[in-house]
Amino acid sequence: MNLVLDLFRTRRSYRKYSEKPIDEAVLKQIMEVGLISPTGDNFKTVELILIKDKDLLNEIASMRKAAAMLRHAGAAIIVLVNTQKTDLWIEDGAISASYMYLAADALGIGSCWIQVRARDAVDGKEFEENFKRNSIYQSI
Ligand SMILES: Cc1cc2nc3c(=O)[nH]c(=O)nc-3n(C[C@H](O)[C@H](O)[C@H](O)COP(=O)(O)O)c2cc1C
């Protein structure tokens, strides 16, 4: 039995959550994995924002149908990549998110990737541009 291979085989996306708060230490471990994930040229380009505030989670949930499950989530982790540091930002961000997907599963936390890059918000405007104008972005 290889635990890592088992994790790869059994990991799934979860879109229904129990509303139980997630232990701070567990969130820290998941984010640590997201930050030690490999980056092109080892430039360490990834930055993470942890959102636990219910109002903020609801606000993001209302911006895109595919994000609706955030209304019941204990937390969201936003993956940002510094485009000034690398031209491989899509790859760096995707790897970090993938690592956290697996780490969450290993720690018994159901999670789901929510795509916002290159996607529109419900008002038909680009999600990222909307997000930057939003109170969430202004408050971080
Ligand atoms: C790049 C990428 C974008 C995704 N975007 C969304 C999304 O916006 N909303 C969602 O509910 N699931 C999203 N997912 C989850 C996929 O739908 C899911 O991984 C796929 O259906 C396979 O299911 P599994 O993860 O349970 O194996 C995304 C996954 C990836 C890798």
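Visitor: What makes a residue count as one of those around the ligand?
Guide: This is a predicted model. In it, a residue is near the ligand if one of its heavy atoms lies within 4 Å. The residues around the ligand are Arg-11, Arg-12, Ser-13, Arg-15, Arg-64, Ala-66, Met-69, Tyr-101, Cys-112, Trp-113, Ile-114 and Gln-115.

Visitor: How do these residues of the shell divide into nonpolar, polar and charged?
Guide: Six are nonpolar, two are polar and four are charged. Arg counts as charged, and the shell includes Arg-11, Arg-12, Arg-15 and Arg-64.

Visitor: What makes the pairing of Arg-15 with the ligand a polar contact?
Guide: The cut-off for a pair of N or O atoms is 3.5 Å. An N or O atom in the Arg-15 side chain is 2.7 Å from a ligand oxygen. That pair is within the cut-off. Arg-11 also brings a polar side-chain atom to a ligand oxygen, at 2.9 Å. Trp-113 uses a polar backbone atom, 3.3 Å from a ligand nitrogen. The ligand taken alone exposes 620 Å², and the protein buries 58% of that.

Visitor: Tyr-101 is in that shell. Which residues of α4 are buried?
Guide: Tyr-101 is one of them. The others are Asp-92, Gly-93, Ser-96, Ala-97, Met-100, Leu-102, Ala-103, Ala-104 and Asp-105. They pack against α1, α2, β1 and β2.

Visitor: How do you know that the span of α4 is close to the one expected?
Guide: Helix α4 runs over residues 89-106 and has 18 residues. At 1.5 Å a residue, 26 Å is expected. From first C-alpha to last, α4 reaches 26 Å. So the span fits the expected value, which is 1.5 Å times one less than the number of residues. After α4 comes Gly-108, with a positive phi near 80 degrees.

Visitor: Why is Thr-39 called buried?
Guide: Buried means under 20% relative accessible area. Thr-39 has 12%, so it is buried. Thr-39 sits in the loop between α2 and β1. Its side chain reaches the backbone nitrogen of Phe-43 at 3.3 Å. Leaving aside neighbours within four places in sequence, Thr-39 is in contact with Lys-44, Thr-45, Val-46 and Asp-92. Asp-92 is also among the buried residues of α4.

Visitor: Why is α1 said to lie largely in the open?
Guide: Count its buried residues. Of the eight residues of α1, the number buried is zero, so the helix lies largely in the open. At its start, a side-chain oxygen of Asn-2 reaches to within 2.9 Å of the backbone nitrogen of Val-4.

Terms used: Residues numbered from 1 in each chain as written. Predicted model: local features only at pLDDT ≥ 70, side-chain atom pairs only at ≥ 80, totals over all residues. Heavy atoms only, no water. Helix = DSSP H or I, 4+ residues; strand = E, 2+ residues; numbered from the N terminus. Buried < 20%, exposed > 50% of the residue type's maximum accessible area, 1.4 Å probe, protein only. Contact = heavy atoms within 4.5 Å. Polar contact = N/O pair within 3.5 Å; in protein donor to acceptor, adjacent residues only side chain to side chain. Areas by Shrake-Rupley, 256 points an atom, 1.4 Å probe, with all protein chains shown as cover.
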